[in-house]
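Student: I should like to go through this model by asking what justifies each label given to a residue or a pair.
Tutor: Please do, and each label will be set against its criterion.

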Amino acid sequence: MLRKMRFKRVIALVLAGCVLMLSGALTSAEAAPKYRWKLAQTWGTGFPIFGDAVIKMADMVKVMSKGEMEIRIDSANKHKAAFGILDMVNAGQYEMGHSASYYWKGKEASTMLFTTMPFGMTAPEQYAWFYYGGGMELMQKVYAKHGVYSFPGGNTGNQMGGWFRKEINSLKDLQGLKMRIPGFAGEVLSKFGVVVTNIAPGELYTALDRGTIDALEWVGPSLDLNMGFHKIAPYYYTGWHEPATELQFMVNREKFDSLPKHLQKILTVSMEFAAYDMYARSYYDSAINWASIQKDYPNVKIRTFPKDIIKMMKKENVKLLNEAAKKDPLFKEILDSQQTFMKKAREWTSISDYSYLQDNIK
């Protein structure tokens with residue numbers, strides 16, 4: 001009798017275990033993501049700051065949606081198309097992408113205006129323009145033609161002017177110089193004889209090391225020192241060309257519009273948070289790395305472009321902007337919006353930040 005009771009108890013426990021296992025399986029199935037998206041990024045696997053912002057965005061989406069939506073991230077190492085992100089998102093091959101808007105200037109010049117422009121707005125000024133000055137509406141107007149929504153994707157802040165093998169003392173030193181520099185700044189420098197090229201991030205060091213290029217600009221201390229450019233090109237110039245480099249998240253319009261409203265909101269908020277968090281991270285890392293340059297990298301020679309070169313670059317920049325605005329009404333609309341807002345914002349920046357820094361910096 002006792003044996004029978006024990007046997008029945010064992011059978012009951014086994015059955016209970018099976019029920020629990022089945023119940024767990026059903027719970028897992030119910031918790032499985034209803035929306036599985038893929039994101040292609042321009043950056044390589046494990047790329048710091050830029051790639052971290054994408055991971056943070058995807059993690060937030062998963063947590064806030066309680067697992068209803070997951071986003072898989074494919075780096076350039078996998079999809080092999082660092083500068084093909086816009087096309088892949090447009091085609092629906094990927095629901096999302098992370099890159100920089102000025103990489104698409106060959107398709108449409110006005111896309112450059114949503115990354116940054118030479119002698120343009122600072123990051124706080126640009127964020128104000130995006131979210132409250134009409135920038136977001138203009139950006140969607142441009143990207144609607146390409147089948148995607150574009151959202152701010154993280155700001156680097158003011159970028160450095162680049163790494164050079166030789167010192168730049170006059171315009172003559174720029175003539176024939178082979179330099180990696182994207183966006184509108186490349187068009188400006190090409191007017192002074194610079195041979196401009198754009199190279200994927202993962203290929204920059206090799207191109208500089210092999211002499212394919214003589215100089216390059218990347219970001220700033222937050223990322224440059226880890227890339228090792230200082231080992232080859234010791235002259236490190238302060239910036240003029242990218243005062244507020246904003247990356248971008250792209251989302252296929254049809255895919256986004258088909259999401260439930262609550263997931264649209266979760267995705268939008270996650271992108272916005274990740275973008276501004278990247279700005280804070282970039283600023284922090286740049287400050288820390290800059291402080292270590294003189295101590296840990298004594299070969300790095302900090303330089304600023306001569307005033308006469310800066311003056312001529314400003315003049316050429318204005319000329320090229322006017323030419324582009326005459327050719328493209330939408331380019332002109334965006335440029336006018338930016339310049340009108342910057343004129344107002346710069347007065348406040350000057351009386352607040354600039355005045356404060358003048359009074360408090362040695």
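Student: Why is Ile49 called buried?
Tutor: In this predicted model, Ile49 has a relative accessibility of 2%. Buried means under 20%, so Ile49 counts as buried. Ile49 is found in the loop between β1 (35–41) and α2 (50–64).

Student: What makes the backbone of Ile49 noteworthy, given that it is not a glycine?
Tutor: Its phi is positive, at about 65 degrees. Most residues other than glycine have a negative phi. Phe119 also is not a glycine and has a positive phi, of about 60 degrees.

Student: Where is Phe119 found, and why is Phe119 called partly exposed?
Tutor: Phe119 sits in the loop between β3 (96–100) and α5 (123–132). Its relative accessibility is 23%. Partly exposed covers the range between under 20% and over 50%, so Phe119 falls in that class.

Student: How do you know that the rings of Trp163 and Tyr236 are stacked?
Tutor: A pair of aromatic rings is described by the distance of the centres and the angle of the planes. For Trp163 and Tyr236 the centres are 3.7 Å apart and the planes stand at 15 degrees. Pairing requires centres within 6.5 Å, and stacking requires planes under 30 degrees apart; the pair is therefore stacked. A search of the whole structure finds 22 aromatic pairs.

Student: What makes the pair of Trp163 and Tyr236 a link between distant parts of the chain?
Tutor: Trp163 belongs to strand β5 (residues 162–164) and Tyr236 to strand β9 (residues 235–237), and the two residues are 73 residues apart.

Student: Are Trp163 and Tyr236 buried or exposed?
Tutor: Trp163 has 0% relative accessibility and counts as buried. Tyr236, at 0% relative accessibility, counts as buried as well.

Student: Why is the pair of Tyr279 and Tyr283 called edge-to-face?
Tutor: The planes of Tyr279 and Tyr283 are at 85 degrees, with 6.5 Å from centre to centre. Planes over 60 degrees apart count as edge-to-face, so the label applies to this pair. Tyr279 and Tyr283 are 4 residues apart in helix α11 (residues 261–296), which means that about one helical turn separates them.

Student: Which classes of accessibility do Tyr279 and Tyr283 belong to?
Tutor: Tyr279 has a relative accessible area of 13% and is buried, whereas Tyr283, at 57% relative accessibility, counts as exposed. Tyr279 and Tyr283 form one aromatic cluster with Tyr127, Tyr131 and Tyr276.

Student: Why does Lys178 count as partly exposed, and where does Lys178 lie?
Tutor: Lys178 has 32% relative accessibility, which lies between the buried and exposed limits of 20% and 50%, so Lys178 counts as partly exposed. Lys178 lies in strand β6 (residues 178–180). Leaving aside residues up to four places away in sequence, Lys178 touches Val195, Gly211, Thr212, Ile213, Asp214 and Ala215.

Student: How much confidence does the predictor assign to the chain?
Tutor: The mean pLDDT is 92, and 91% of the residues reach 70 or more. Over residues 1–30, however, the pLDDT is below 50, and this stretch has 0 contacts in the model beyond near neighbours in sequence.

Student: What does the chain as a whole comprise, and what share of its residues is buried?
Tutor: Its secondary structure comes to 13 helices and 11 strands. Of the 362 residues, 50% count as buried.

Technical notes:
Residues are numbered from 1 along each chain as its sequence is written. This is a predicted model: local features need pLDDT of at least 70, side-chain atom pairs count only at pLDDT 80 or more; totals for chains, interfaces and linings use all residues. Side-chain values use heavy atoms; hydrogens and water are left out. Buried means under 20% relative accessible area, exposed over 50%, partly exposed in between (1.4 Å probe, protein chains only). pLDDT is the predictor's confidence in each residue, from 0 to 100. Contact means heavy atoms within 4.5 Å. Rings of Phe, Tyr and Trp (its six-membered ring) pair if their centres lie within 6.5 Å; planes under 30 degrees apart count as stacked, over 60 as edge-to-face and the rest as tilted.
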